[in-house]
Amino acid sequence: MSSVLRPPVPGRDPSRSVTYRPVSSHLAIAPPVSVVIPAMNEAENLPYVFKTLPDWIHEVVLVDGRSTDDTVRVARDLRPDVKVVRQEGRGKGDALITGFAACSGDIIVMVDADGSADGNEIVSYVSALVSGADFAKGSRFANGGGTDDMTFVRKLGNWALCTVVNRKFGARYTDLCYGYNAFWRHCLDKIDLDCTGFEVETLMNIRVVKAGLKVQEIPSHEYLRIHGTSNLRAVRDGLRVLKVILGERSNRRDLRRREHRSPLLEPVRRQVS
């Protein structure tokens, strides 16, 4: 859905009028939004995922991790204009990097293919970006967020790793290992992603802080995976996340200087959609 909401200016070529996409009753945007969905054998879950995606998004990029089921066929049946990209490597990080490279939108949204994320929340992420944030980071533990899919051990591990990142890099995160995020395309030039596994979200969260980008947390609710089982392994992937954290150099001194001039992180607040 799109419409020209700005009237033509006298003396200006009408063909150059800006096309806006109505996002809600009080918000319309010009930047096209790409949604990246990494998927491997998620044919049963895709109908639920695609059903919640807003109709105003510019494109859906499905990164197929060599699925052996009908993932690609189902995606094309649900959305004929879906852009399907075959993943040559392995791992979620590799899939996301592949998907980001295929996006044509100015805003990129990361959504899991297991049905745990509600696409209706995308409006809150986009609202934060068009209001001035560089990176809109989903949080299950910010006020208004929640999760149905975390064991006590995983919650404890996430809290511990989040605490380490906050102290080492001067961040103010309430959640660390969550894959529902959105950002302006220009951020990719500043964070230089180079990991292949589930630790990719942590690496992104660290590098946006190190790059001095403006981050805003978005309260998000994580639902249970609808079908199938996750490839996530708490201990194995937790150790990989810790390795990434310890391998990234802290720049707390430079960060403090930037914060003294201009706050890096906005206070956590719920976006009104």
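Helices in this report are DSSP runs of H or I with at least four residues, numbered from the N terminus. The model described here is predicted.

**Overall composition**

The protein chain contains nine helices and 11 strands. Of its 273 residues, 49% are buried. Among contacts with a separation of 6 or more, 74% join residues that stand 24 or more positions apart. The accessible surface amounts to about 13,400 Å², and carbon and sulfur atoms contribute 52% of that area.

**Nonpolar cores**

As a general tendency, nonpolar side chains in soluble globular proteins are buried together. The largest nonpolar core of this model has 37 residues, and the members that touch the most others are I37, F50, W56 and V109. Elements that supply two or more residues to this core include the strands β2 (27-29), β3 (33-39), β4 (59-64), β6 (107-110) and β9 (181-184), together with the helices α1 (46-51), α2 (71-78) and α4 (122-130). Helix α4 provides the largest share, six residues. A second core, separate from this one, has 34 residues, including F100, L161, C162 and V208.

Which residues does V109 contact, leaving aside neighbours within four places in sequence? The partners of V109 are V33, S34, V35, V36, I122, Y180, N181 and A182.

**Salt bridges**

Searching the whole structure yields 15 salt bridges. Three of them are tabulated with their N to O separations.

| Pair | N to O distance |
|---|---|
| K92 and E201 | 2.6 Å |
| R140 and E222 | 3.1 Å |
| E199 and R240 | 3.1 Å |

For K92 and E201, the closest N and O atoms are 2.6 Å apart. K92 belongs to helix α3 (residues 92-102) and E201 to helix α7 (residues 200-210), so this salt bridge ties together parts separated by 109 residues in sequence. Both K92 and E201 are buried.

The salt bridge between R140 and E222 has an N to O distance of 3.1 Å. Here, too, distant parts of the chain are linked: R140 sits in the loop between β7 (135-139) and β8 (146-147), while E222 is in strand β11 (residues 221-222), 82 residues away. R140 and E222 are both buried.

In the pair E199 and R240, the side chains meet at 3.1 Å, N to O. E199 lies in the loop between α6 (188-191) and α7, whereas R240 is in helix α8 (residues 234-247), and the two are 41 residues apart. Are these partners buried or exposed? E199 has a relative accessible area of 5%, so E199 is buried. R240 is partly exposed because its relative accessible area is 34%, a value between the limits of 20% and 50%.

Beyond these pairs, D194, R207, K210 and E248 are joined into one network by salt bridges that share partners.

**A nonpolar surface patch**

F152, V153, L156 and W159 form a nonpolar patch of about 510 Å² on the surface. V153, one of these residues, is found in helix α5 (residues 152-169). With a relative accessible area of 58%, V153 is exposed, since the term applies over 50%.

Definitions and conventions
Residues numbered from 1 in each chain as written. Predicted model: local features only at pLDDT ≥ 70, side-chain atom pairs only at ≥ 80, totals over all residues. Heavy atoms only, no water. Salt bridge = Lys/Arg side-chain N within 4 Å of Asp/Glu carboxyl O. Buried < 20%, exposed > 50% of the residue type's maximum accessible area, 1.4 Å probe, protein only. Core = buried A, V, L, I, M, F, W, Y, C linked by side-chain atoms within 4.5 Å. Contact = heavy atoms within 4.5 Å. Areas by Shrake-Rupley, 256 points an atom, 1.4 Å probe, with all protein chains shown as cover. Patch = residues over 30% accessible without salt bridge, like charges linked within 9 Å, V, L, I, M, F, W, Y side chains within 5 Å.
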